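Dear colleague,

Please find below the structure that I am handing over to you, together with its sequence. A short account of the findings comes after it.

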Amino acid sequence: MAYEIKNFDDFQKYVPETTKDTYVKKYPLEYRCINGRLPDHGTLYKSAGTSGKATIWAQSAGEEEFFEKYVQFGVAYAFQADIKNYKIINCWAF
């Protein structure tokens with residue numbers, strides 16, 4: 001079922017919170033990929049496993065490109081980085 005999300009209240013109402021327990025551990029890797037299959041071009045990531053078991057997830061090249069643009073937008077929006085001089089250290093992989 002699709003919902004048209006117009007504001008933050010709609011988002012909170014229709015988009016369930018996803019956690020490692022409710023999504024990542026519940027569904028196999030392929031299920032969590034677009035169209036239920038690993039991307040032809042992209043990256044497989046593996047977590048450090050500090051929770052007791054490493055987690056693997058995939059991102060297509062298109063998703064990686066979108067994520068990069070999303071981060072740029074988020075930083076510019078949150079910190080006015082588009083008009084201020086910032087240095088950002090990406091520790092996402094750690």
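The following paragraphs describe aromatic pairs and one pocket.

Please note that this is a predicted model.

A search of the whole structure finds six aromatic pairs. In one of them, phenylalanine 8 and phenylalanine 11, the ring centres are 6.4 Å apart and the planes meet at 15 degrees, so the pair is stacked, given that planes under 30 degrees apart count as stacked. Both residues belong to helix α1 (residues 8-14), where they are three residues apart, about one turn of the helix. Phenylalanine 8 is exposed, with a relative accessible area of 56%, whereas phenylalanine 11 is partly exposed at 41%.

Tyrosine 23 and tyrosine 27 form another aromatic pair, a tilted one, with 5.7 Å from centre to centre and 55 degrees between the planes. Tyrosine 23 has a relative accessible area of 29% and is partly exposed; tyrosine 27, at 26%, is also partly exposed. Together with Tyr31, Tyr23 and Tyr27 make up one aromatic cluster.

Tyr23 appears again in the second largest pocket, whose volume is about 570 Å³. This pocket is lined by 17 residues, and those closest to its centre are Tyr23, Arg32, Cys33, Ala58 and Glu63. Which elements give two or more residues to the lining of the second largest pocket? They are α2 (20-24) and β2 (56-60). Sorted by class, the lining of this pocket consists of eight nonpolar, five polar and four charged residues.

Yours sincerely

Conventions
Residues are numbered from 1 along each chain as its sequence is written. This is a predicted model: local features need pLDDT of at least 70, side-chain atom pairs count only at pLDDT 80 or more; totals for chains, interfaces and linings use all residues. Side-chain values use heavy atoms; hydrogens and water are left out. Rings of Phe, Tyr and Trp (its six-membered ring) pair if their centres lie within 6.5 Å; planes under 30 degrees apart count as stacked, over 60 as edge-to-face and the rest as tilted. Helices (H or I, at least four residues) and strands (E, at least two) are DSSP runs, numbered from the N terminus. Buried means under 20% relative accessible area, exposed over 50%, partly exposed in between (1.4 Å probe, protein chains only). On a 1 Å grid over the protein atoms alone, a cavity is a set of points where a 1.4 Å probe fits but cannot get out, and a pocket is an open set with protein on both sides within 12 Å along at least five of seven lines; lining residues have an atom within 4 Å of a point. Grid points are joined across faces, edges and corners, and a volume is the space filled by probe spheres set on the points. Ala, Val, Leu, Ile, Met, Phe, Trp, Tyr, Cys and Pro count as nonpolar, Asp, Glu, Lys and Arg as charged, and the others, Gly among them, as polar.
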